[in-house]
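User: Please take a close look at one part of this model for me: the place where the two protein chains meet. I would like the geometry, the contacts and the surroundings in one connected account.

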Number of protein chains: 2
Amino acid sequence: MSKPRAAETQRRTRIQAEKEEQILEAALEVFSRNGFRGSTIDQIAEAAEMSKPNLLYYFRTKETIHRVLIDRLLNTWLDPLRAIDPDGEPLGEIRSYVRRKLEMARDYPRESRLFANEVLQGAPRIQEEMKDLKVLVKEKAEIIAGWSRAGKLADCDPYHLIFSIWATTQHYADFDVQVRAILGKRGDRFEDAARYLDQLFLNGLKP
Amino acid sequence: MSKPRAAETQRRTRIQAEKEEQILEAALEVFSRNGFRGSTIDQIAEAAEMSKPNLLYYFRTKETIHRVLIDRLLNTWLDPLRAIDPDGEPLGEIRSYVRRKLEMARDYPRESRLFANEVLQGAPRIQEEMKDLKVLVKEKAEIIAGWSRAGKLADCDPYHLIFSIWATTQHYADFDVQVRAILGKRGDRFEDAARYLDQLFLNGLKP
DNA sequence: CAATTTTTTGACCATTTGGTAAAGGTTACA
DNA sequence: TGTAACCTTTACCAAATGGTCAAAAAATTG
């Protein structure tokens with residue numbers, strides 16, 4: 001009688017845990033390709049191999065599923081940025097950041113596209129999170145600016161530096177169809193990209 | 001009686017020209033924000049300030065409108081890339097390319113997002129165009145590779161170089177909501193970005 | 001293993017959506 | 001200025017979509 005989605009204080013059953021995971025996995029697949037409005041509950045239900053009412057038994061609405069995915073995503077998405085260490089060696093810190101972001105684009109392309117879809121469409125459902133992001137970016141931008149002033153990094157706008165790292169790395173996830181179309185079956189996309197970006201940012205940012 | 005969309009050999013009337021433009025303008029606005037599936041004819045009709053049946057008098061289907069927009073877009077979108085001159089001065093050519101792309105992101109952000117939406121969603125409607133793109137990129141990549149071999153440019157993967165230029169410039173159109181959220185009302189976004197990218201690519205690519 | 005709780009299903013519903021038909025209103029041109 | 005071509009609107013339709021409900025089928029538990 002008590003529905004699982006309302007089960008605040010209750011323990012989740014084994015089935016609940018499994019099915020919810022199954023749904024989120026399917027929803028990530030669907031949302032990341034079609035965006036929120038472009039995805040249907042039926043599509044998600046089919047991908048999750050269950051009936052629509054069954055799916056809606058676990059998540060009351062389409063929004064709920066999307067919310068959970070976005071929350072999960074944001075939780076880990078910014079880890080590499082958080083990991084930038086003010087006491088680290090500047091060029092090394094930037095290099096690791098680029099590499100970590102590129103690894104995330106490789107390992108979690110659907111999450112990247114989910115986020116890209118959301119922002120492309122005006123970020124209507126992540127207004128709050130944008131504010132937190134602003135604070136975090138400001139903090140890191142100030143660290144970078146400090147490095148620049150100390151002559152340990154080229155004198156450059158730290159915000160645009162961060163944007164360029166996001167753009168170049170996420171590109172491989174968000175535009176992967178285009179990248180594939182152009183590169184064909186050419187060698188190791190990831191390693192080539194890593195090498196190129198390393199060179200670009202390293203030379204581009206040397207003091 | 002003869003509908004304008006079938007008017008192959010007939011001259012377009014003044015009203016046709018005006019209304020079609022009005023619709024395409026509205027559709028660009030809507031599609032670029034919501035993607036194809038996420039946009040409705042009603043939304044476009046409202047933005048174009050006309051009734052849905054009236055809109056459908058000029059364009060038989062939603063697909064038709066989208067097609068026209070995509071065709072128009074691709075026609076000019078690649079101009080900067082085409083403009084790369086094999087006989088030009090290498091670093092200068094790259095710089096102009098970056099600047100032109102950045103100008104396009106500033107002046108035609110909706111077109112950029114229209115394209116981004118399409119590619120994000122797997123480029124289902126632009127398979128053919130992807131092939132042409134591949135050919136064009138290959139041609140230009142070879143020019144760049146030649147410059148590298150001649151020692152006039154850093155030794156780098158020309159494909160990934162092109163990707164990084166696309167990514168960094170289009171980012172300002174595609175993720176403009178995010179960029180705004182982070183930069184706030186800070187000065188001249190465009191000039192700052194231009195200066196930063198100029199530095200990044202110039203230093204990053206010096207031989 | 002019977003009672004209770006949780007999970008699944010089929011039938012259903014209101015709204016939205018892409019698109020049509022036909023009739024009324026407007027233009028342009030002879 | 002009449003009329004044929006063009007434009008616009010109202011009313012409508014079938015399919016898709018987000019979501020509900022009650023009853024049947026599994027699980028869990030005392």
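Analyst: Start at the axis. The model is predicted. Of the residues in chain B, Gly204(B) comes closest to the rotation axis, with its C-alpha at 2.0 Å. The operation itself is simple to state. Chain B superposes on chain A after a rotation of 180 degrees, with 0.0 Å of shift along the axis and an RMSD of 0.0 Å. The two copies are thus related as by a two-fold rotation axis.

Now the contact. Chain B puts 54 residues into it, and chain A puts in 55 residues. Which surface does each copy use? Of the interface residues of chain B, 100% are also interface residues in chain A, so the copies meet through the same surface. Together the two chains bury about 4800 Å². Carbon and sulfur atoms carry 66% of that buried area.

Next, the polar part. The rule finds two salt bridges across the interface of chain B and chain A. A salt bridge joins the side chains of Arg186(B) and Asp157(A), at 3.2 Å from N to O. Polar contacts across the interface come to 12 residue pairs, with both residues at pLDDT 80 or more.

Which elements build the chain B side? Six helices each supply at least two residues of the side of chain B that touches chain A. They are helix H1 (14-38), helix H7 (109-120), helix H8 (127-149), helix H9 (158-174), helix H10 (176-183) and helix H11 (189-205) of chain B. H9(B) gives the largest share, 12 residues. By class, this side of chain B has 26 nonpolar, 18 polar and 10 charged residues.

Step back to the chain that sits across the contact. Chain A has 11 helices and zero strands. From the N terminus on, its elements run α-α-α-α-α-α-α-α-α-α-α. Along the principal axes, the C-alpha atoms of chain A fill a box of roughly 65 × 45 × 30 Å.

Salt bridges also occur within a chain. One of them pairs Glu103(A) with Arg99(A), whose closest N and O atoms are 3.6 Å apart. Why are these two separated by about one helical turn? Glu103(A) and Arg99(A) are four residues apart in helix H6 (residues 90-107) of chain A, so about one turn separates them. Over all chains, the structure holds 36 salt bridges.

Both chains also take part in the surroundings of the DNA. DNA strand C is surrounded by 22 residues. The closest are Thr13(A), Lys19(A), Arg37(A), Tyr58(A) and Ile41(B). Of the strand C atoms that come within 4 Å of the protein, sugar and phosphate account for 62%.

Some individual contacts can be named. Tyr58(A) places a polar side-chain atom 2.6 Å from a phosphate oxygen of DNA strand C. For Gln16(A), a polar side-chain atom lies 2.8 Å from a phosphate oxygen of the strand. Lys52(B) meets a base instead: a polar side-chain atom lies 2.9 Å from a base nitrogen of DNA strand C. Three elements give two or more residues to the surface near this strand. These are helix H1 (14-38) and helix H3 (52-58) of chain A, together with helix H3 (52-58) of chain B. The residues of that surface divide into eight nonpolar, nine polar and five charged.

Definitions and conventions
Residues are numbered from 1 along each chain as its sequence is written. Chains are lettered from A and ligands numbered from 1 in the order in which they are written. This is a predicted model: local features need pLDDT of at least 70, side-chain atom pairs count only at pLDDT 80 or more; totals for chains, interfaces and linings use all residues. Side-chain values use heavy atoms; hydrogens and water are left out. Copies are superposed by least squares on the C-alpha atoms of residues with pLDDT of at least 70 in both. Contact means heavy atoms within 4.5 Å. A residue is near a molecule or strand if one of its heavy atoms lies within 4 Å of it. A polar contact is a pair of N or O atoms within 3.5 Å; within protein, one must be able to donate a hydrogen and the other to accept it, and residues adjacent in sequence count only if both atoms are side-chain atoms. Ala, Val, Leu, Ile, Met, Phe, Trp, Tyr, Cys and Pro count as nonpolar, Asp, Glu, Lys and Arg as charged, and the others, Gly among them, as polar. Buried area is the accessible area (1.4 Å probe) that two parts lose on being put together, summed over both. A salt bridge is a side-chain nitrogen of Lys or Arg within 4 Å of a carboxyl oxygen of Asp or Glu.
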